Amino acid sequence: MTATQLAIDIARHAARAAFDKAGRDIVALDVSEHIAYTDVFLLVTAANEPQADAINDEIQARLAAEGLRPARSEGEAEKRWILLDFRDVMVHIQQVDEREQYSLQRLWKDCPHIDLQLPEHGGAGAAESGTQGIDAAEFQDSAVEGLTAEGKPTDNVFGEVTGESSDERIAGQ
C-alpha cells in the first residue's frame, strides 16, 4: 500500500506553507506500509520558537482554507516539537535539537520519500538526499521570511512587510 493521493496533496500543501515561513529540512515520508493510522509524516525544522509558531499557524491557516483542521495537536505551548494530526498526514514541526535527538527521518529511513514539489534552492542537502528538502546549512543564519495571512511577503516571523515576493528576492540575488 502507498500513500493516497489526498495524503500526498495535503503534505505538499502543508510543506509549501512551511517553506514559505522558511521551514528547513522539509521531508515527507510515506509511512503507509508501516503505520495503519496515517499515510505521511511531514518533517519540518524550525530555527526557534517564534518560527515554529509561525510555521504551525501558516500550515493550519492554509489547510483550514481548504476545509481541513487537525484532529488534534500537541506541543503548541512549548513550541519545541509541534505535532499536527490531519489523520492522513502527521506534521512534525521540530526545533533543531528535537529533530536531531529524535531523528524521525533516520527511524523511518526505509520509508519512501515523497516529492514535495518545492522550489529548488540548490542546496547540497537537497541534491544529496534526492528529495526537495531544504538544506539546513543554507538557512542556518538566514532571516526568517514568509508571507502574512494576506499573502504579503515578510522579512521575518514578526510580520515585517517588504513589498516583494520571496521569488523576486531570490531571482535578484
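**View 1. Salt bridges and the overall chain.** Let us start with the charges: the structure holds 7 salt bridges. The model shown here is predicted. Its protein chain has 7 helices and 7 strands, and along the sequence these follow the pattern α-β-β-α-β-β-β-α-α-α-α-β-β-α. Of the 173 residues in the protein chain, 45% are buried. Among contacts with a separation of 6 or more, 57% involve residues 24 or more positions apart. Side chains of opposite charge can pair when their charged atoms come close, and the next three views show where that happens here.

**View 2. Arg80 and its two partners.** Which side chains does Arg80 meet in salt bridges? One is Asp97, at 3.6 Å from N to O. Arg80 sits in the loop between strand S3 (72-74) and S4, while Asp97 belongs to helix H3 (residues 96-102), so this pair ties together parts that are 17 residues apart in sequence. The other is Glu98, with a salt bridge of 3.0 Å, N to O. Glu98 is also in helix H3, and this pair links distant parts of the chain, 18 residues apart. The surroundings of the three residues can be read from their relative accessibility. Arg80 is partly exposed at 27%, and Asp97 is partly exposed at 49%. Glu98, in contrast, is buried, because its relative accessible area is 13% and the cut-off for buried is under 20%.

**View 3. Arg72 with Glu74.** Here the side chains of Arg72 and Glu74 meet in a salt bridge of 2.8 Å, N to O. Are these partners buried or partly exposed? Arg72 has a relative accessible area of 44% and so counts as partly exposed. Glu74 is partly exposed too, with a value of 38%.

**View 4. A network of four charged residues.** In this view, salt bridges link Arg16, Asp20, Glu58 and Arg62 in a network. Two of its members, Glu58 and Arg62, are among the buried residues of helix H2.

**View 5. Helix H2 from cap to end.** At the N-terminal end of H2, Asn48 acts as a cap: one of its side-chain oxygens lies 2.8 Å from the backbone nitrogen of Gln51. How far apart are the end C-alpha atoms of H2? They are 24 Å apart, which agrees with the 24 Å that its 17 residues should span at 1.5 Å a residue. Buried residues of this helix include Gln51, Ala52, Ala54, Ile55, Asn56, Ile59 and Leu63. Just after H2 comes Gly67, which takes a positive phi of about 85 degrees.

**View 6. The largest nonpolar core.** In soluble globular proteins, nonpolar side chains tend to be buried together. The largest nonpolar core in this model has 29 residues, and Ile26, Leu42, Ile59, Val89, Val91 and Ile93 have the most contacts inside it. Two or more residues each come from helix H1 (5-20), strand S1 (24-30), strand S2 (40-46), helix H2 (49-65), strand S4 (81-85) and strand S5 (89-95). H1 gives the most, with 9 residues. Apart from this core lies another one, of 10 residues, including Leu29, Val31, Met90 and Leu104. Back in the largest core, a good residue to pick out is Val91: leaving aside residues up to four places away in sequence, Val91 touches Ala14, Leu42, Ile59, Ile82, Leu83, Leu84 and Phe86.

**View 7. Leu43 in strand S2.** Leu43 has its place in strand S2. With a relative accessible area of 0%, Leu43 is buried. Residues up to four places away in sequence aside, Leu43 touches Asp25, Ile26, Val27, Leu29, His92, Arg99, Leu104 and Gln105. Leu43 and Gln94 are 51 residues apart in sequence, with their C-alpha atoms 7.6 Å apart in space.

**View 8. Asp30, a buried charge.** Our last stop is Asp30, found in strand S1. Asp30 is buried yet has no salt bridge; Arg12, the nearest side chain of opposite charge, is 11 Å away. What does the side chain of Asp30 make a polar contact with? One partner is the side chain of Ser32, at 2.6 Å. In addition, a polar atom of the Asp30 side chain lies 3.0 Å from the backbone nitrogen of Ala3. Not counting residues up to four places away in sequence, Asp30 touches Thr2, Ala3, Asp39, Cys111, Pro112 and Ile114.

Technical notes:
Residues are numbered from 1 along each chain as its sequence is written. This is a predicted model: local features need pLDDT of at least 70, side-chain atom pairs count only at pLDDT 80 or more; totals for chains, interfaces and linings use all residues. Side-chain values use heavy atoms; hydrogens and water are left out. A nonpolar core is a set of buried Ala, Val, Leu, Ile, Met, Phe, Trp, Tyr and Cys residues joined through side-chain atoms within 4.5 Å. Buried means under 20% relative accessible area, exposed over 50%, partly exposed in between (1.4 Å probe, protein chains only). Helices (H or I, at least four residues) and strands (E, at least two) are DSSP runs, numbered from the N terminus. Contact means heavy atoms within 4.5 Å. The expected span of a helix is 1.5 Å times one less than its number of residues. A polar contact is a pair of N or O atoms within 3.5 Å; within protein, one must be able to donate a hydrogen and the other to accept it, and residues adjacent in sequence count only if both atoms are side-chain atoms. Lys and Arg count as positive and Asp and Glu as negative; His and the chain ends are not counted.
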